[in-house]
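Welcome, and thanks for taking a look at this one with me. Here is a short tour, with the structure to follow along.

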Amino acid sequence: MSDELLQGLRDTIRTVPDFPLEGIMFRDITPVLGDPGLLSGITERFAVDMRDLGWRPDAVVGPGARGFIFGPLLATKLGVGFVPVRKRGKLPGSIRQVEYSLEYGTNILEMHEDALSSDQRVVIIDDLLATGGTVSACVELCEGAGAEVVGSLFVIELVGLGARGRLDPVPVHTLVEFPA
């Protein structure tokens with residue numbers, strides 16, 4: 001894997017000033033999604049990096065919406081299943097849920113009750129790591145099912161928001177970083 005992939009990501013991720021609020025520098029991955037070479041490169045890079053880190057998951061867990069993009073691609077590459085985590089009220093059947101804090105309030109994430117078992121090792125994947133709230137809730141859901149979270153993967157990390165500390169001791173691996 002060359003650093004051409006990482007440079008390609010940096011060049012392709014669009015920065016949108018003042019979205020959704022004034023003072024926010026939004027990192028938009030939409031242009032990345034339109035480039036099949038970058039998508040396959042991200043998937044391959046995560047697979048290689050996970051092997052080098054010694055992460056051997058039985059399943060990939062991804063929160064909606066963008067974890068639903070990168071998660072199934074990685075799960076397919078690894079030959080393992082994908083487990084979706086959704087916002088409240090989006091999954092049918094028996095679910096487990098966790099409430100978590102946001103900068104502006106709280107939210108609830110859900111996962112099917114039977115999605116994971118106590119003997120499984122999982123990685124969590126999402127497009128962006130900011131404060132770590134969503135992924136922390138995913139960790140809680142997985143551990144509540146008895147699964148072991150071996151690591152978390154992100155295309156982008158916004159540094160300086162304390163997410164790594166919030167996720168500790170779950171290892172964090174990102175491809176590119178931007179200032180918050």
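## A buried charged pair

In this predicted model, D49 and R45 are both buried. Their side chains form a salt bridge, with N and O 3.5 Å apart. Both residues belong to helix 3, where they sit four residues apart, about one turn of the helix. An α-helix has 3.6 residues a turn, so residues three or four places apart point the same way. The pair also has company: D3, R45 and D49 are joined in a network of salt bridges.

## Helix 3 and its surroundings

Helix 3 covers residues 36-53, 18 residues in total, and its end C-alpha atoms are 26 Å apart, which agrees with the 26 Å expected at 1.5 Å a residue. At its start, a side-chain oxygen of D35 comes within 2.9 Å of the backbone nitrogen of G37. After the helix comes G54, with a positive phi near 80°.

Which parts of the fold do the buried residues of helix 3 pack against? Their partners are helix 1 (4-12), helix 2 (30-33), helix 4 (67-78), strand 7 (121-129), strand 8 (148-159) and strand 9. Among the buried residues of the helix are L38, L39, I42, F46 and V48.

## L175, a view from strand 9

L175 lies in strand 9 (residues 172-179) and counts as buried, at 10% relative accessibility. Beyond its neighbours within four places in sequence, L175 contacts several residues, including I42, R45, F46 and D49, as well as L6 and L9. V155 is another of its contacts; the two are 20 residues apart in sequence, yet their C-alpha atoms are 5.1 Å apart in space.

## Salt bridges across the chain

The count of salt bridges comes to nine. One of them joins the side chains of R66 and D127, at 3.6 Å from N to O. R66 is in the loop between strand 3 (59-63) and helix 4, while D127 is in strand 7, so this pair ties together parts 61 residues apart in sequence. R66 is partly exposed, at 29% relative accessible area, whereas D127 is buried at 9%.

Another salt bridge connects E148 and R121, whose closest N and O atoms are 3.5 Å apart. This pair links strand 8, home of E148, to strand 7, home of R121, across 27 residues. Both ends are partly exposed: E148 at 41% relative accessibility and R121 at 26%.

## Cysteines without a bond

Why is C138 not bonded to C142? Their sulfurs are 6.5 Å apart, too far for a bond, and the whole structure holds zero disulfides. C138 is buried at 0% relative accessibility, and C142 is likewise buried at 0%.

Conventions
Residues numbered from 1 in each chain as written. Predicted model: local features only at pLDDT ≥ 70, side-chain atom pairs only at ≥ 80, totals over all residues. Heavy atoms only, no water. Disulfide = S-S within 2.5 Å. Buried < 20%, exposed > 50% of the residue type's maximum accessible area, 1.4 Å probe, protein only. Helix = DSSP H or I, 4+ residues; strand = E, 2+ residues; numbered from the N terminus. Contact = heavy atoms within 4.5 Å. Expected span 1.5 Å × (residues − 1). Polar contact = N/O pair within 3.5 Å; in protein donor to acceptor, adjacent residues only side chain to side chain. Salt bridge = Lys/Arg side-chain N within 4 Å of Asp/Glu carboxyl O.
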